[in-house]
Amino acid sequence: RCSCFLRGTPLAAAANKKEGGLFMENLLNPVIVAVLLLCVLCLLKVNVLLSMLVSLFVAGLIGGLPLVGDDSIMSSVIAGFSGNAETALAYVLLGTFASAMAYTGITEILSKKIARAVGGNKWILIGILLVIACASQNIIPIHIAYIPILVPPLLAMMNKMKLDRRGVACTIAFGHKAPYIAVPMGFGLIFMGIIRDNINDNAKDFGWKVSVGDITAVNWILAVAMFIGLAIALFVTYRKPREYKDVQLEGVTETEDLTLKYQHWVTLAAIVVVVALQIKFGSLPVAALGGLLVMFIFQAVKPKDIDEQFQGGIKLMGFIAFVMLVAGGFATVLKNTGAVNDLVTSAISLMGGNKWIAATIITLIGLLVTMGIGTSFGTVPVLAVLYVPLCHQMGFSPAATIVLMSAAAALGDAGSPASDTTLGPTSGLNADGQHDHIWDTCVPTFLHFNIPLMIAAIVAAQFL
């Protein structure tokens with residue numbers, strides 16, 4: 001009512017000028033500049049590592065940090081590495097373990113045995129692929145390394161079934177994503193550990209302390225939402241038969257010996273050791289190292305080929321490991337600029353205290369950032385700097401914050417052209433050149449998983 005009387009007066013003009021200045025100040029906030037620049041560079045297909053490094057240096061300079069010296073950009077980046085060092089080591093060792101498994105040939109044998117066991121039933125095949133995809137994240141944590149070896153030999157059988165590969169892509173993507181969100185084993189233990197550590201690190205001022213158990217207790221909501229999306233993909237969207245041409249793939253035959261040999265039995269024993277050590281110590285680097293030692297000592301991998309397996313492991317997972325390290329440095333630079341509190345205060349005023357609006361904005365930003373970075377694991381440190389104080393100020397509980405953080409980090413992982421969740425399925429399903437990465441993997445997974453995740457997170461956050 002007062003604004004009606006003030007409109008057109010010098011006082012109103014001053015107020016408008018102040019609001020305009022506040023808007024420009026927020027627009028130039030180092031956090032906003034860094035995230036927007038990161039998204040733009042990634043969407044322009046600039047290398048993710050280069051995009052992150054450029055963005056963090058720009059943010060640091062805008063925030064007034066010197067390039068080198070004490071409390072500088074470089075010192076902040078290096079300090080941030082330590083937070084994700086264990087995760088990066090786990091990626092490299094697990095990549096080496098996956099490379100060693102492929103070296104023994106056990107994955108190819110498994111694909112041939114699956115083809116014989118399915119008997120022409122597409123639902124059995126989809127069920128087997130779903131179980132294997134889930135196991136690759138939690139029980140035998142080899143991530144996407146199995147796909148280029150296991151899936152191509154199954155394509156001829158899929159063609160006979162007229163199975164729509166878009167549904168298969170959604171099945172594999174679900175198996176790579178839902179388990180790490182909801183199950184605290186393998187990569188799920190890594191993801192939940194990252195969520196826990198980043199919430200606790202950014203909530204010291206107001207005394208929040210969450211555990212992996214707290215995350216498990218609420219993240220099942222997100223997994224259920226994804227399962228609903230998978231059911232829609234399989235039983236509605238991609239239910240109808242789809243024709244594919246039969247293309248003979250190089251190196252795929254039907255007459256190979258499927259008998260398990262010495263190196264295969266040693267590999268199976270190494271898998272058991274990985275699972276046992278993970279359960280006992282809760283450490284993926286220790287578990288992966290134990291499995292590798294079993295394979296090396298009992299010569300499932302010949303001594304002369306050990307170097308080759310480490311090189312293969314670094315090739316498979318090394319890039320993701322470095323993304324994780326730089327993501328930790330990215331987050332530390334943003335913290336040290338001191339711009340987070342200003343941004344949180346401004347965001348609260350824009351949201352007007354409405355939790356529904358706040359939850360929607362939080363998940364949308366998470367979607368954009370993860371689509372740009374292409375990895376939900378690397379997104380967590382970037383988002384936590386902003387989201388944890390924001391959620392606290394908006395009155396969200398720790399449980400609601402966990403759901404919003406987990407969903408915001410996972411959003412965009414499915415659907416991002418640069419994500420392992422999409423690159424993995426395409427690497428196997430496009431072996432014969434009949435599966436488009438964008439339209440047959442990215443778009444289907446984006447529609448069927450990101451939309452349910454957003455809805456579930458926004459609604460759940462209101463009641464937790």
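These exercises work through a predicted model, each with a solution in steps.

**Exercise 1. The overall make-up**

Task: State how many helices and strands the protein has, and what share of its residues is buried.

Solution:
- Begin with secondary structure. The protein has 22 helices and zero strands.
- Next, take burial. Of the 464 residues, 55% are buried.
- Then turn to contacts between residues at least 6 apart in sequence. Of these, 80% join residues at least 24 apart.

**Exercise 2. Helix H6**

Task: Compare the span of H6 with the expected one, and decide how far the helix is enclosed.

Solution:
- Count first. H6 has 20 residues.
- Now take the span. From its first C-alpha to its last, H6 reaches 29 Å. At 1.5 Å a residue, 28 Å is expected, so the two values are close.
- Check burial. In H6, 14 of the 20 residues are buried, so the helix is largely enclosed by the rest of the structure.
- Look past the end. Gly105 follows H6 and has a positive phi, near 85 degrees.

**Exercise 3. The surroundings of Thr104**

Task: Place Thr104 in its helix, classify its exposure and list its polar contacts.

Solution:
- Location: Thr104 belongs to helix H6, which covers residues 85-104.
- Exposure: the relative accessible area of Thr104 is 7%. The cut-off for buried is under 20%, so Thr104 is buried.
- Backbone partner: the Thr104 side chain reaches the backbone oxygen of Met101 at 2.7 Å.
- Side-chain partner: a polar contact of 3.5 Å links the side chains of Thr104 and Thr267.
- Wider contacts: set aside neighbours within four places in sequence. Thr104 then touches Gln263, His264, Thr267, Met295 and Ala300. Thr267 thus appears both in this list and in the side-chain polar contact.

**Exercise 4. Two positive phi angles**

Task: Find where Lys162 and Gln299 lie, and give the phi and exposure of each.

Solution:
- Recall the background. Most residues other than glycine have a negative phi.
- Take Lys162. Its phi is positive, near 55 degrees. Lys162 sits in the loop between helix H10 (155-161) and helix H11 (165-182). Its relative accessibility is 35%, so Lys162 is partly exposed.
- Take Gln299. Its phi is positive too, near 60 degrees. Gln299 sits in the loop between helix H15 (284-297) and helix H16 (306-336). With a relative accessible area of 38%, Gln299 is partly exposed.

**Exercise 5. The largest cavity**

Task: Give the volume of the largest cavity, then describe its lining by residue, helix and class.

Solution:
- Count the cavities. There are two of 30 Å³ or more.
- Size the largest. Its volume is about 40 Å³.
- Name the lining. The residues are Lys122, Trp123, Ile126, Leu163, Asp164, Gly167, Leu234, Tyr238 and Arg239.
- Assign a helix. H8 (residues 122-138) gives the largest share of the lining, three residues.
- Sort by class. The lining has five nonpolar, one polar and three charged residues. Gly counts as polar, so Gly167 is the polar one.

**Exercise 6. Val35**

Task: Classify Val35 as buried or exposed, and give its C-alpha separation from Met52.

Solution:
- Locate the residue. Val35 lies in helix H3 (residues 30-43).
- Apply the cut-off. Its relative accessible area is 14%, which is under 20%, so Val35 is buried.
- Take the separation. Val35 and Met52 are 17 residues apart along the chain, and 9.0 Å separates their C-alpha atoms.

Terms used
Residues numbered from 1 in each chain as written. Predicted model: local features only at pLDDT ≥ 70, side-chain atom pairs only at ≥ 80, totals over all residues. Heavy atoms only, no water. Helix = DSSP H or I, 4+ residues; strand = E, 2+ residues; numbered from the N terminus. Buried < 20%, exposed > 50% of the residue type's maximum accessible area, 1.4 Å probe, protein only. Polar contact = N/O pair within 3.5 Å; in protein donor to acceptor, adjacent residues only side chain to side chain. Contact = heavy atoms within 4.5 Å. 1 Å grid on protein atoms, 1.4 Å probe; cavity = no way out; pocket = protein on both sides within 12 Å on 5 of 7 lines; lining within 4 Å. Points joined across faces, edges and corners; volume = space filled by probe spheres on them.
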